[in-house]
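Student: Hi! Could you walk me through this one while I have it open on my screen?
Tutor: Happy to, just ask whatever comes to mind.

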Amino acid sequence: MVPITTVHYLVVAAILFVLGVIGVLTRRNAVIVLMSIELILNAVNLNLVAFSHMWGNLQGQVFSIFVTVDAACEAAVGLGILIAFFRNKETINMDEIDLLKW
Amino acid sequence: MNPAMNSAVNAGMVPVATPWFFYMLAGLAVLSGALVITRRNAVHSALALIVTLISVAGLYLMLYAPFVFAVQLFVYAGGIMLLFLFVIMLVNVERSSKERRFNRMWPVGFAAACSLMALFMFAFLKGKALFPDRRIPLPEASNTQQIAALLYGEAGGMGSYTFAFEIASLLLLAAILGAVIMTKKKL
């Protein structure tokens with residue numbers, strides 16, 4: 001059996017990233033769009049940890065913890081915006097959120 | 001640890017089950033990741049996302065990163081997903097679960113994402129030599145200690161990332177205030 005190399009982890013991370021991108025670009029439900037962003041951030045984390053393993057130092061793992069902090073902030077603020085929007089317009093469909101569009 | 005296992009670790013041997021575990025965890029992550037973006041009900045998507053997060057946490061464990069594994073389980077699968085589930089229950093899923101799942105431009109988005117995937121695969125195939133498999137063993141037992149030394153510094157000195165760590169705490173504070181202010185009914 002082929003031993004698991006760094007490229008294996010990178011391919012898994014790329015697939016997760018692309019799934020997240022598809023979710024962001026195609027879904028209408030804004031909550032699921034935010035979940036897809038979490039998927040993207042997780043793919044980035046997996047890449048960072050795989051590179052940390054490849055080089056044998058811990059910088060990548062520290063960076064992945066910072067990315068997790070960012071994900072937590074993004075989820076809190078994003079869901080706050082979503083609740084505020086739902087209170088005003090009674091919808092969370094992405095194609096009805098067009099206040100700033102002209 | 002028994003002597004046979006000890007000598008195996010000293011010889012730098014890879015555990016026998018590693019490829020199977022990798023393929024199982026990777027398949028689970030990708031499968032439930034696909035479920036996240038295709039389910040009609042947002043609660044099902046959230047549950048599938050939890051499965052993805054836990055499988056990715058297992059991959060971290062295979063990469064000798066036990067601290068990141070724990071952070072992934074506690075912060076992501078615990079905290080963030082709890083927040084998501086609460087918000088799903090606050091906004092009504094009834095209406096949006098009866099409507100179209102994808103927007104009208106979905107073929108364009110899908111094609112763009114597929115070309116991105118093709119670009120990734122091209123880069124990985126062409127640049128395989130850029131990702132050497134060195135397998136420098138990271139010390140697993142002192143992993144948390146070493147991350148702490150990088151984040152907080154040791155023996156009175158600042159670590160390499162102490163400043164970034166403090167900025168991250170400020171960012172979290174700003175996010176808490178932002179979330180509270182935005183969800184308040186009357187300011």
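Student: Let me start with an acid: is D95(A) buried, partly exposed or exposed?
Tutor: D95(A) is partly exposed, with a relative accessible area of 32%. Do keep in mind that this is a predicted model.

Student: Which residue does D95(A) form a salt bridge with?
Tutor: Its partner is R28(A), and the closest N and O atoms are 2.9 Å apart.

Student: Where do those two sit in chain A?
Tutor: R28(A) is in the loop between α1 (6-26) and α2, while D95(A) is in the segment after α3 (59-89). They are 67 residues apart, so the pair links distant parts of the chain.

Student: And R28(A), buried or exposed?
Tutor: R28(A) is buried, because its relative accessible area is 7% and the cut-off for buried is under 20%.

Student: How many salt bridges are there over all chains?
Tutor: The count comes to 1. Across the interface of chain B and chain A the rule finds 0.

Student: Then what about polar contacts across that interface?
Tutor: There are 11 residue pairs in polar contact between chain B and chain A, with both residues at pLDDT 80 or more.

Student: How much area do the two chains bury between them?
Tutor: About 7,400 Å², with 76% of it on carbon and sulfur atoms. In chain B, the residues that lose the most area to chain A are I37(B), L63(B) and F84(B), and together they make up 9% of what that side buries.

Student: How many residues are in contact?
Tutor: On the chain B side 85 residues are in contact with 75 residues of chain A.

Student: Which helix of chain B gives the most to that side?
Tutor: That is α2(B), with 13 residues. Several helices of chain B each supply at least two residues, including α3 (42-62), α4 (66-90) and α8 (162-183).

Student: What is chain B built from overall?
Tutor: Chain B has 8 helices and 0 strands. Of its 187 residues, 32% count as buried. Among contacts in chain B with a separation of 6 or more, 48% come from residues 24 or more positions apart.

Student: You mentioned I37(B). Which residue of chain A touches I37(B)?
Tutor: S36(A) does, and S36(A) also touches G20(A), G23(A) and V24(A), leaving aside residues up to four places away in sequence. S36(A) is found in helix α2 (residues 30-55) of chain A.

Student: Buried or exposed, that serine?
Tutor: S36(A) counts as buried, because its relative accessibility is 0%.

Student: Switching to rings: how many aromatic pairs are there?
Tutor: The structure holds 11 over all chains. One of the pairs is F120(B) with F124(B), which is stacked, at 6.4 Å centre to centre and 10 degrees between the planes.

Student: Why are those two about one helical turn apart?
Tutor: Because they are 4 residues apart in helix α6 (residues 106-126) of chain B. F120(B) is partly exposed, at 24% relative accessible area, whereas F124(B) counts as buried at 10%.

Student: Which cluster do they belong to?
Tutor: Ring pairs link F120(B) and F124(B) with F17(A), F51(A) and F131(B).

Student: Last one: what lies over the face of F102(B)?
Tutor: R27(A) does, at 5.5 Å from the ring centre.

Definitions and conventions. Residues numbered from 1 in each chain as written. Chains lettered and ligands numbered in written order. Predicted model: local features only at pLDDT ≥ 70, side-chain atom pairs only at ≥ 80, totals over all residues. Heavy atoms only, no water. Buried < 20%, exposed > 50% of the residue type's maximum accessible area, 1.4 Å probe, protein only. Contact = heavy atoms within 4.5 Å. Phe/Tyr/Trp six-rings, centres within 6.5 Å; stacked < 30°, edge-to-face > 60°. Lys NZ or Arg CZ within 6 Å of the ring centre and 35° of its normal. Buried area = accessible area lost by both parts, 1.4 Å probe. Salt bridge = Lys/Arg side-chain N within 4 Å of Asp/Glu carboxyl O. Polar contact = N/O pair within 3.5 Å; in protein donor to acceptor, adjacent residues only side chain to side chain.
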